[in-house]
Amino acid sequence: MNNFTYCTPTKLIFGKNSIEQLPQVLAPLGKRVLLTYGGGSIKKIRLYDKIKTLLKDFEIFELGGIEPNPKYSPSVVDGVNICKRNKVDVVLAVGGGSVLDCSKAICAGALYDGEPWDLIVYKAKATKALPLVDVLTLAATGSEYDCGSVISRTETNDKTAYSDELLFPVASILDPQYTYSVSAKQTAAGTADAINHVIEQYFCDEHHAVTDGMCEAAIKSLMSSVKVALAHPDDYEARAELMVCCSLACNGIFAIGTVKSGWPCHAIEHALSGHYDITHGEGLAIITPVWMRHILNERTLPRFVSYGVNIYGIDKNLPPIKIAEKTICMTYDFFKSLGIPMSLREVGIDESRLSEMAHHIAVNEGLEKAWAPLNESDILQILKNAL
């Protein structure tokens with residue numbers, strides 16, 4: 001096991017009616033609150049009204065309409081301007097990963113004198129940030145329990161991962177009841193995203209029984225719980241397991257003491273949604289089995305065997321290559337069983353920009369240093385095979 005330093009300062013407040021604790025969470029952070037949210041679903045489920053009632057003693061400013069694959073302009077820029085103009089004390093993000101990601105960038109940019117994009121692309125380092133609190137309404141990205149975000153810049157087709165330890169939420173309020181209304185499409189895509197977060201950490205050279213066991217348990221929980229949630233959207237236990245697994249899947253605990261993989265599937269998908277604005281989890285589900293098949297070789301074979309035997313219960317006495325091939329097929333079949341489109345053409349992507357995207361990924365994502373190295377030619381072949 002490798003040396004590691006691990007710290008997650010975010011307080012998780014989990015369970016039914018945990019929203020009641022929101023005033024006590026915010027009070028030490030200040031009275032001037034920027035409330036951020038997406039397309040209005042929080043109003044349909046009456047969460048917006050509940051929050052406004054709970055925060056009647058606070059001064060609330062609002063930034064609504066934050067998009068999936070959150071955009072630097074207008075959302076981040078507008079949020080930063082609201083914070084600066086109104087001397088906001090704390091940002092309250094209510095929604096899913098896109099709202100949280102956008103809010104993290106706002107928290108950093110609000111206390112920075114320069115162009116916020118410089119922080120996102122690491123031209124400059126934030127020295128301070130506004131505190132962030134969130135109320136989660138979609139189990140998927142794990143942004144509620146980490147310091148990372150992903151921000152898109154439409155004019156350059158960039159979708160950039162931005163991480164800073166200043167951006168851990170102070171507290172995340174997790175009530176599975178607020179995910180009952182999440183559509184089947186988003187429930188499936190969010191679960192695919194979380195499963196891929198774990199896969200990206202599982203497929204690495206140096207690993208150990210502790211993290212392998214955590215990864216395998218999380219994936220099996222996600223796979224079983226999503227089927228229940230799709231059939232019975234208001235099943236509390238299924239929604240609870242999805243929420244907890246998604247929160248843990250991307251905060252680093254499943255990778256302690258291991259060597260990071262380079263997250264190749266995310267790197268490739270970021271270009272897809274950066275260029276075409278597709279649903280992130282669907283893009284990952286399309287790419288992951290294709291990536292698996294492309295990197296399968298004598299060196300990577302043992303990890304496929306471990307994954308297939310421990311996740312899918314494949315007979316360990318089969319020839320290793322048969323186990324690996326069956327593992328890849330079962331991964332594809334599982335995502336397809338959730339109703340996710342499993343080809344790029346199904347989500348509106350044809351061959352016209354594949355070379356452009358492959359070059360963008362090769363130049364910007366550093367996948368030649370990944371667990372299974374990928375050069376531009378490899379990336380282009382994966383994209384072609386995903387059509």
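**The second pocket, its helices and the open sheet**

Author: In this predicted model, the second largest pocket is lined by Ile-286, Pro-289, Val-290, Arg-293, His-294, Ile-328, Cys-329, Tyr-332, Asp-333, Met-342 and Asn-385. Two elements, α11 (280–295) and α13 (320–337), give two or more residues to this lining. The space in the second largest pocket is about 150 Å³.

Reader: What makes Ile-286 a lining residue of the second largest pocket?

Author: A lining residue has an atom within 4 Å of a point of the pocket. Ile-286 is listed in the lining of the second largest pocket, so Ile-286 meets that cut-off.

Reader: Which element gives the largest share of the lining of the second largest pocket?

Author: Helix α11 does, with five residues.

Reader: How do you know which lining residues of the second largest pocket count as charged?

Author: Asp, Glu, Lys and Arg count as charged. The lining includes Arg-293 and Asp-333, and these therefore fall in the charged class. By class, the lining has seven nonpolar, two polar and two charged residues.

Reader: Why is α11 called roughly antiparallel to α13?

Author: The two helices pack at an angle of about 175°, with their axes 9 Å apart. Angles over 145 degrees count as roughly antiparallel, so α11 is roughly antiparallel to α13.

Reader: Which residues of α11 and α13 meet?

Author: From α11 come Ala-285, Thr-288, Pro-289, Met-292 and Arg-293, and these meet Ile-328, Cys-329, Thr-331, Tyr-332 and Phe-335 in α13. This contact has seven nonpolar, two polar and one charged residues.

Reader: Why are β1 and β3 described as standing at the edges of the sheet?

Author: The open sheet has six strands in the order β1-β8-β5-β4-β2-β3, with parallel pairing. Strands β1 (11–14) and β3 (59–63) each have a single partner strand, so one side of each is left without a neighbour in the sheet. Neighbouring strands of this sheet are turned by 20° against each other on average, direction ignored.

Reader: How do you know that β2 and β4 pair?

Author: Two strands pair if there are at least two bridges between them. Strand β2 (residues 32–36) and strand β4 (residues 90–95) have four bridges, in the parallel sense, so the criterion is met. Leu-34 stands opposite Val-91 in β4.

Reader: Which helices pack on this sheet, and at what angles?

Author: Helix α4 (residues 72–86) lies across β2, β3 and β4 and runs at about 160° to β3. Helix α9 (residues 236–249) touches β1, β5 (132–136) and β8 (171–174), and its direction makes about 175° with that of β1.

Notes
Residues are numbered from 1 along each chain as its sequence is written. This is a predicted model: local features need pLDDT of at least 70, side-chain atom pairs count only at pLDDT 80 or more; totals for chains, interfaces and linings use all residues. Side-chain values use heavy atoms; hydrogens and water are left out. On a 1 Å grid over the protein atoms alone, a cavity is a set of points where a 1.4 Å probe fits but cannot get out, and a pocket is an open set with protein on both sides within 12 Å along at least five of seven lines; lining residues have an atom within 4 Å of a point. Grid points are joined across faces, edges and corners, and a volume is the space filled by probe spheres set on the points. Axes are lines fitted to C-alpha atoms, for helices over the stretch in contact, and angles run from 0 to 180 degrees between N-to-C directions. Contact means heavy atoms within 4.5 Å. Angles under 35 degrees count as roughly parallel, over 145 as roughly antiparallel, 65 to 115 as roughly perpendicular and the rest as oblique.
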